[in-house]
Amino acid sequence: MTDTEIIALFFERSEQAIDELDKSHGNAVAKVAWNILGNEQDAEECVSDTYFGTWNAIPPHRPSPLRTFVCKIARNLATAKYHSNTAKKRNSRYDLVLDELEEYLSDNSSVEKAYEASELAAAINGFISTLNYSDRFIFTRRYWYSDSVQDIAKMANSTANSVTVRLFRIREKLRLYLEKEGFLV
């Protein structure tokens, strides 16, 4: 079933929409949740919450592409669950991914900082659009989907060392890009 047909089912409020969403994009949603949470039970709960969130968001939204929309919901829910689970302790799996980008990210403790964060997000999107397909794939798999370096290496038909080096170089390019755009001094 196509994404357009699945979205139509959501607009009809048909429960079949959830089943079709799960068939089409369930593996991607589950992988995002697992990569962030690293716990099967929490990931399953996050997947269920993602479907509920999607049910509540469609309508009025008509997301395109649907996979990105539901993965974003899953990522946001998994991140919130992660922070709840690890308020007093560190989870090396996801913290490592966050630590790699920490110097480029600001916290959103005020309206001004929230605005700055949205501007930073736009700048990062602009940077990503300058990357070739391979680098964009590696960057997105690591920092959006939180895939491990080993998993990315398998998907990219490469070695873990090569992916690590490329990620370092991409982060350096990002740093230079953000400096040029005035986000870093």
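## A polar contact at Asp147

In this predicted model, the side chains of Asp147 and Arg141 make a polar contact of 2.5 Å. Asp147 belongs to the loop between α7 and α8, the latter spanning 149–155. Its relative accessibility is 0%, and because buried means under 20% relative accessible area, Asp147 counts as buried.

Arg142 also takes part in this region. The side chain of Arg142 reaches the backbone oxygen of Asp147 at 3.0 Å. Arg142 is placed in helix α7, and with a relative accessibility of 4% Arg142 counts as buried. When neighbours within four places in sequence are left aside, Asp147 is in contact with Lys31, Asn35, Arg141, Arg142, Ile152 and Met155.

## Helix α7

Helix α7 covers residues 133–143, and its buried residues are Asp135, Ile138, Phe139, Arg141, Arg142 and Tyr143. Two of the names in this list, Arg141 and Arg142, also appear among the contacts of Asp147.

Which residue caps the N-terminal end of α7? The cap is Asn132, with a side-chain oxygen that lies 3.1 Å from the backbone nitrogen of Ser134.

## Overall architecture

The protein contains nine helices and zero strands. Read from the N terminus on, its elements therefore appear as an unbroken run of α symbols, α-α-α-α-α-α-α-α-α. The protein has 185 residues, of which 39% count as buried.

Contacts in the protein can also be sorted by separation along the sequence. Among those between residues at least 6 apart, 62% join residues at least 24 apart.

## Helices α1 and α2

Helix α1 comprises residues 3–11 and helix α2 comprises residues 16–37. The two pack at an angle of about 155 degrees, and their axes are 8 Å apart. Because angles over 145 degrees count as roughly antiparallel, α1 is roughly antiparallel to α2.

The contact involves Asp3, Ile6, Leu9 and Phe10 of α1, together with Gln16, Ala17, Ile18, Glu20, Leu21, Ser24 and His25 of α2. The crossing in which α1 passes α2 is left-handed.

## Asn39, between α2 and α3

Asn39 lies in the loop between α2 and α3. Is Asn39 buried or partly exposed? Its relative accessibility is 32%, so Asn39 counts as partly exposed.

The side chain of Asn39 approaches two backbone nitrogens. A polar atom of this side chain lies 3.0 Å from the backbone nitrogen of Gln41, and the side chain of Asn39 reaches the backbone nitrogen of Asp42 at 2.9 Å. Asn39 can also be related to a residue further along the chain: Tyr82 is 43 residues away in sequence, and the C-alpha atoms of Asn39 and Tyr82 are 9.9 Å apart in space.

## Helices α3 and α4

Helix α3, residues 40–57, packs with α4 at an angle of about 130 degrees, and the axes are 9 Å apart. Why are these helices described as oblique? An angle of about 130 degrees falls outside the ranges for roughly parallel, roughly perpendicular and roughly antiparallel, so α3 and α4 are oblique to each other. The crossing of this pair is right-handed.

On the α3 side, the residues that meet α4 are Asp42, Glu45, Cys46, Asp49, Thr50, Gly53, Thr54 and Ala57. Their partners in α4 are Phe69, Val70, Ile73, Ala74, Leu77, Ala78, Lys81 and Asn85.

## Ala74 within α4

Ala74 lies in helix α4, which spans residues 66–85. At 0% relative accessibility, Ala74 counts as buried. Which residues does Ala74 touch, not counting residues up to four places away in sequence? They are Val29, Val32, Cys46 and Thr50. Cys46 and Thr50 are among the α3 residues that meet α4.

Ala74 and Trp34 are 40 residues apart along the chain, and their C-alpha atoms are separated by 10.0 Å.

## Cysteines and disulfides

Cys46 has a relative accessibility of 5% and therefore counts as buried. Cys71 is buried too, with a relative accessible area of 0%.

A disulfide is a covalent bond between the sulfur atoms of two cysteines. How many disulfides does the structure hold? The number is zero.

Terms used. Residues numbered from 1 in each chain as written. Predicted model: local features only at pLDDT ≥ 70, side-chain atom pairs only at ≥ 80, totals over all residues. Heavy atoms only, no water. Disulfide = S-S within 2.5 Å. Buried < 20%, exposed > 50% of the residue type's maximum accessible area, 1.4 Å probe, protein only. Helix = DSSP H or I, 4+ residues; strand = E, 2+ residues; numbered from the N terminus. Polar contact = N/O pair within 3.5 Å; in protein donor to acceptor, adjacent residues only side chain to side chain. Contact = heavy atoms within 4.5 Å. Axes fitted to C-alpha atoms, helices over the stretch in contact; angles between N-to-C directions. Parallel < 35°, antiparallel > 145°, perpendicular 65-115°, else oblique. Left-handed = near helix turned anticlockwise from the far one by under 90°.
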